[in-house]
Amino acid sequence: MARRALTTTAVTLTATAALLLTACGGGDSPSDDIKGADSGSSSPSASASVPSAAPEVKRPVIKLPSSFQLTFENWTSSDPVEQAVLNDGKEQLRAGYEAIIENDPDSKDRAFYDTKAGFLQSQQWIRTYTDKNLTVIGKLPVFDPKVTLAKDKAAASLSYCTDESKASTKNRKTGEVKGNPAGTDPEVFYVISMGKNAQGVWQAVSAHSERGGCAQ
């Protein structure tokens with residue numbers, strides 16, 4: 001897929017909180033979704049990804065169950081700074097889904113990969129699930145990543161696409177499973193604005209999404 005060109009100005013994008021799939025309810029258009037993560041294994045023997053980043057920083061161990069399998073395709077770069085952005089961006093996304101699945105809007109793992117402002121947005125997104133007793137199941141590929149660095153390499157824009165066609169929400173109490181409404185474009189384009197903190201961790205500042213924005 002071709003991807004729209006991004007400039008360093010993308011790191012200043014403001015974000016809107018949103019939901020995955022039909023979490024917004026009925027025919028609402030979930031055009032500002034925030035999602036993505038990596039594949040895990042079933043609880044209690046869930047697997048954890050080990051991000052390759054600065055060894056002096058102790059990053060959280062994020063675990064996801066096999067009921068929600070996410071894959072990151074071509075999530076690599078020959079540039080070490082870009083790779084660091086990809087690594088922490090991936091873990092930030094995984095931490096968000098961990099928080100949803102664990103019913104924890106105050107997730108410390110997610111907060112680790114967010115700025116203060118970014119975490120406020122994350123909490124709003126997570127609560128669109130937890131307030132409705134929803135979790136996530138199925139498969140969600142995350143693909144076509146692109147990193148655009150600011151000139152000082154202290155800020156970056158991470159973009160990617162997701163395919164929701166095999167992902168669903170599940171009500172914790174009733175067990176009801178819902179996917180996207182018929183006719184909904186399953187692909188969503190995301191831009192995550194990121195900044196590097198004093199410990200060298202790339203944190204999400206804000207996020208923006210566009211359903212159907214993954215141009216062919």
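How many of the 10 residues of strand 6 are buried? Strand 6 has 9 of its 10 residues buried, so this strand is largely enclosed by the rest of the structure. Here, buried means under 20% relative accessible area, exposed means over 50%, and partly exposed lies in between, computed with a 1.4 Å probe on protein chains only. Helices (H or I, at least four residues) and strands (E, at least two) are DSSP runs numbered from the N terminus.

The model is predicted: local features need pLDDT of at least 70, side-chain atom pairs count only at pLDDT 80 or more, and totals for chains, interfaces and linings use all residues. Residues are numbered from 1 along each chain as its sequence is written, and side-chain values use heavy atoms, with hydrogens and water left out.

**Strand pairing**

Two strands pair if DSSP finds at least two bridges between them. Strand 6 pairs with strand 3 in the antiparallel sense over 9 bridges, and strand 6 also pairs with strand 7 in the antiparallel sense over 9 bridges. Strands 6 and 7 form a hairpin with 5 residues between them, and G200 in the turn has a positive phi of about 90°. Strand 7 is mostly covered, with 7 of its 10 residues buried. Bridge partners of strand 6 are listed below.

| Residue in strand 6 | Partner | Strand of partner |
|---|---|---|
| Y190 | S209 | strand 7 |
| I192 | A207 | strand 7 |

On the side of strand 3, S159 stands opposite V191 in strand 6.

**Nonpolar cores**

A nonpolar core is a set of buried Ala, Val, Leu, Ile, Met, Phe, Trp, Tyr and Cys residues joined through side-chain atoms within 4.5 Å. The largest one has 18 residues, and those with the most contacts inside it are W75, V85, V147, L158, Y160 and I192. At least two residues of this core come from each of helix 1 (80–101), strand 2 (134–149), strand 3 (155–163), strand 6 (187–196) and strand 7 (202–211). Strand 6 supplies the largest share, 4 residues. With contact taken as heavy atoms within 4.5 Å, V85 touches V147, L149, A156, L158, M194 and W202, not counting residues up to four places away in sequence. A second, separate core of 14 residues includes F68, I100, Y129 and L140.

**Helix 3**

Helix 3 covers residues 116–130, and its 15 residues should span 21 Å at 1.5 Å a residue; the end C-alpha atoms are 20 Å apart, which agrees. The expected span is 1.5 Å times one less than the number of residues. Among the buried residues of helix 3 are F119, W125, I126 and Y129. Its buried residues pack against helix 1, helix 2 (108–112), strand 2, strand 4 (167–171) and strand 7.

**The disulfide**

A search of the whole structure finds 1 disulfide, defined as a pair of cysteine sulfur atoms within 2.5 Å. This bond joins C161 to C214, with an S to S distance of 1.9 Å. The torsion about the S-S bond of C161 and C214 is about -120°, so the disulfide is left-handed. The pair links distant parts of the chain, with C161 in strand 3 and C214 in the segment after strand 7, 53 residues apart. C161 counts as buried at 0% relative accessibility, and C214 is buried with a relative accessible area of 6%.
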